Structure formats: structure tokens, C-alpha cells
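The exercises below are meant to be worked with the sequence and the model side by side. Each one sets a task and then goes through a solution step by step.

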Amino acid sequence: MKKNLKTVALAVTALSVFVACQNQPAENNQGAENAANNAAVTENVVENNAAGAETTEVAAGEIAHIGMGFDGSIKGTDAEGEKPATASGGGYAGLVAFDSEGKIVAAKFDVIQPSITLDEAGVPGTFEEIESKNVLGDAYGMKKASEIGKEWYEQAEAFADYITGKTVDEVKNIPTKVKDEKHQNVADTPDLASSVTIDIGSFQSLVEEAYATKAEAAGATYIGLDLAASDRSKAEEGKPTKVGFNIYATGVAVDQEGKIVQTLIDVVQPSIEFADGAFADAEEVQTKNELGDAYGMKKASEIGLEWYEQADNFEAYTIGKTAEEVVAIPTKMRDESHMNVADTPDLSSTVSIDIGDFQNNVVAAVENAHS
């Protein structure tokens, strides 16, 4: 959930005391020199990380790496009677910490489900900010319908506890069965089924994806995960309405002092068209990191870098900082679509995209690590 940076800074100050006690930007071309300089910076980051990986020794049972699985979806429901047409998105994330032997040390799972309604003319209504299932907590309202009397977040935590100490292959091989059309992969082992009755198929896939994309996090003690969403719908006369969302996933690993050891950031932008009173079929969507060079930012970038490369550079820049220091990174307004671009040379030379959401979401993920 987005927060005003000033408000977040105050919240993070309090957090720091607690810890101590225990769209692709339109960019112009500034030539090859900036791109070359940036490439050198990026290469140094990679070399430094590689050197650290070679010299860091981590005992089994301690956090050595973290990885984040992240998927997105969208579906449209046409109007029926008094019910308006509605587009519903989904962002599904799993942040997993692994030890040096590949066993799971800790895990967090979350889901966010933004939605927006359309009027009779197909114009999207006002988007309302929404919280993830974990943030909603008891307000999500699953407990009253649960056969085991547990909320969604309680079941997600129970699954995370169950897989701690297991390898990815052991998680993949947890027995499941079909319960009904909406629950194709419910746990089929008594010790897990007694505490988790929701579908675990996506959890299993997210763990596998997290391991495949893991990054070094030696020295970390806690992990935190944040999901947030915003609207990117567009209605133009004479064209199909495009209904869509930006869904942000941010994972962090922090040490005992509250300093960031590793940051993982990704965004998915599911969208669907609406025309002549009906939604088109939704297409499969990839995250920006999964799209890689195919996202197509590099050709418009003044520093010659793709979105994932700039996100990598921002992640590297946060390492060693506290959440308070991340939210305090100076920014400036470049244009109406870029209200918070980096205003410090050491970062702006490698990151020219808007970092306002990155800052807010890192802060929220660090807060989550301590909750």
C-alpha cells in the first residue's frame, strides 16, 4: 500500500529506535559516455558481489541466500444484471531464505487482489487502494468460512513453518489432491492438512521460482515482503478500454542492526481489453524482470539501461542502508509521470526511472521483516 514519503520517514524513525533496542520513462539521449560510465559501475557491482560470494562462508541453518517468486494475473467479469463489469488482478509472491545447503530457513507468502469496475460506457471507475491479504489480516474474512477456523494469513504462515528445514524438491513433492474446481492442489498429508486447507499449488511454484532466482544474503537475520498495487487503466474514445494494474513485489533481507543485506524488486503489469460491453480473453503476463530486454526501455533510456538493470542498480544501492536511509534518498520531479527520480549523482548515473515506489515499498518490506 503506497504511503506518503514524509509519513513513512517518521514511521521508519520509530522502527530504527526499535531495532537499535533489540512506466517506463520517456528519456532523451545524452550519448554513449553515460552508458559507458554506467556499464562500468554495473560491472563493478557484479564483480564486488562475485568476490563476496567467493569469500563468504555460511553455516547450515543460517541465511545464505534469498529468492522471490512472483506471478501476476487478471480476469474480467462482464456486467450481469445490476452487477457492473469488473476487472480483477492478482499478484502472488513468495520470499524464501535458504541456507548454504539449500534448505529453507524462513519464508513469507502474500497475495494482493486489486480490482476496478467499469460504467455502462466502459469507463473505469475510481481505483481504490487495496491492502494485501497479510496486511488485511482478520479483515480478509476467511475464518468464518474455514473448515479449520483459520484466516488466510494464518494458513500462509503455517505453510511457511511447515516447509522450514525442507529443500525445494521436498516442497515440490508435498502430496496434494483436487478438492474442487477452485482448489486443485490442497495438501494431502494429515500433518499439513490440519493447519492449511487453502490451495498450496501456487506456494509450491513460488518456492521453486525463488530458489531459481536466489541472491546472496549472508549475514541476514530477518526477511520481509511487501506487495502494493496501483491503477494503469486507460479509456480513449474510439478505442477499446484497457484495464490494468501495476503490482509491485519487494523482498528484503536485513541484519540484526536493521541494515539491508539484500533487496529484490519486481513489477508485473497485467491488463485486459474491454469493448462492446465485454472483456477480451486475458493474456498470460510476465514480470518486468522476466521480460528482461524484451520490456523495451533501453532504446528510450538516456543511460542505455533496461528496467531490470536499473532495478538491479537500485537494489545494490540499498545494501548496507537502513530503511530510514533508503526513504531519505534525495529525489526530484522530472515530469508529471516521474515525480521522484534520484537526485544524487551516484544513483542517478545508474537509475533514471522513478524510485518513489521503490523507496516506499522497501520501507514497508523492512517493517514487515520485524513484524
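**Exercise 1. Trace the pairing partners of strand S9 in this predicted model, starting from Val254.**

Step 1. Val254 stands opposite Ile260, a residue of S10, and these two strands, S9 and S10, are antiparallel and joined by eight bridges.

Step 2. Between S9 and S10 lies a hairpin with five residues between the strands, and within the hairpin Gly258 takes a positive phi near 85°.

Step 3. S8 also runs antiparallel to S9, with ten bridges joining the two, and here Leu225 has Gly251 of S9 as its bridge partner.

Step 4. With S11, strand S9 pairs in the antiparallel sense over four bridges; one position to look up is Lys242, whose bridge partner in S11 is Glu273.

Step 5. Having found the partners, consider how covered the strand is: 13 of the 14 residues of S9 are buried.

**Exercise 2. Find which residues have the most contacts inside the largest nonpolar core, and which strands supply that core.**

Step 1. The largest nonpolar core contains 32 residues, and Ile66 and Phe279 are those with the most contacts inside it.

Step 2. At least two residues of this core come from each of the strands S1 (65-77), S2 (86-98), S8 (222-231), S9 (241-254), S10 (260-268) and S11 (271-275), and S9 gives the most, with five residues.

Step 3. Leaving aside residues up to four places away in sequence, Ile66 touches a list of residues that includes Leu95, Val96, Ile223, Val252 and Leu264.

Step 4. A second core, separate from this one, has 28 residues, among them Val254, Ala323, Val351 and Val363. As a general background to such groupings, nonpolar side chains tend to be buried together in soluble globular proteins.

**Exercise 3. Describe how S2 pairs with S3.**

Step 1. S2 and strand S3 (residues 104-112) run antiparallel and are joined by eight bridges.

Step 2. To place one position in this pairing, take Val96, whose bridge partner in S3 is Ala107.

Step 3. The hairpin of S2 and S3 has five residues between the strands, and Gly102 in this hairpin has a positive phi near 85°.

**Exercise 4. Check the lengths of helices H9 and H12 against the expected spans, and decide how covered each helix is.**

Step 1. Helix H9 (residues 307-318) has twelve residues, which at 1.5 Å a residue should span 16 Å, and the 17 Å between its end C-alpha atoms agrees with this.

Step 2. Nine of the twelve residues of H9 are buried, so the helix is mostly covered; the buried ones include Trp307, Phe314 and Tyr317. Following H9 comes Gly320, whose phi is positive, near 90°.

Step 3. Helix H12 (residues 356-369), with 14 residues, reaches 20 Å from its first C-alpha to its last, close to the 20 Å expected at 1.5 Å a residue.

Step 4. Because eleven of the 14 residues of H12 are buried, this helix is largely enclosed by the rest of the structure; Phe358, Val362 and Val366 are among the buried residues.

**Exercise 5. Locate the salt bridges of Lys298, Glu208 and Lys143, and classify the exposure of their residues.**

Step 1. The structure has eleven salt bridges, and one of them joins Lys298 to Glu309, with the closest N and O atoms 3.9 Å apart. Lys298 lies in the loop between helix H8 (288-291) and H9, whereas Glu309 is in helix H9, eleven residues apart.

Step 2. Since buried means under 20% relative accessible area, Glu309 is buried at 19%, while Lys298, at 36%, is partly exposed.

Step 3. Glu208 and Lys172 meet in another salt bridge, at 3.6 Å from N to O. This pair links helix H7 (residues 201-212) with helix H5 (residues 168-172), its members being 36 residues apart. Both are partly exposed, Glu208 at 37% and Lys172 at 38%.

Step 4. Lys143 forms a salt bridge with Glu154, the closest N and O atoms being 3.9 Å apart, and salt bridges that share partners join Asp138, Lys143 and Glu154 into one network.

**Exercise 6. Decide where the model should be read with caution.**

Step 1. The average pLDDT of the chain is 87, and 85% of the residues score at least 70.

Step 2. Over residues 1-55, however, the pLDDT is below 50. Where pLDDT is low, the predicted coordinates should not be read in detail.

Terms used. Residues are numbered from 1 along each chain as its sequence is written. This is a predicted model: local features need pLDDT of at least 70, side-chain atom pairs count only at pLDDT 80 or more; totals for chains, interfaces and linings use all residues. Side-chain values use heavy atoms; hydrogens and water are left out. The expected span of a helix is 1.5 Å times one less than its number of residues. Buried means under 20% relative accessible area, exposed over 50%, partly exposed in between (1.4 Å probe, protein chains only). A nonpolar core is a set of buried Ala, Val, Leu, Ile, Met, Phe, Trp, Tyr and Cys residues joined through side-chain atoms within 4.5 Å. Contact means heavy atoms within 4.5 Å. Two strands pair if DSSP finds at least two bridges between them. pLDDT is the predictor's confidence in each residue, from 0 to 100. A salt bridge is a side-chain nitrogen of Lys or Arg within 4 Å of a carboxyl oxygen of Asp or Glu.
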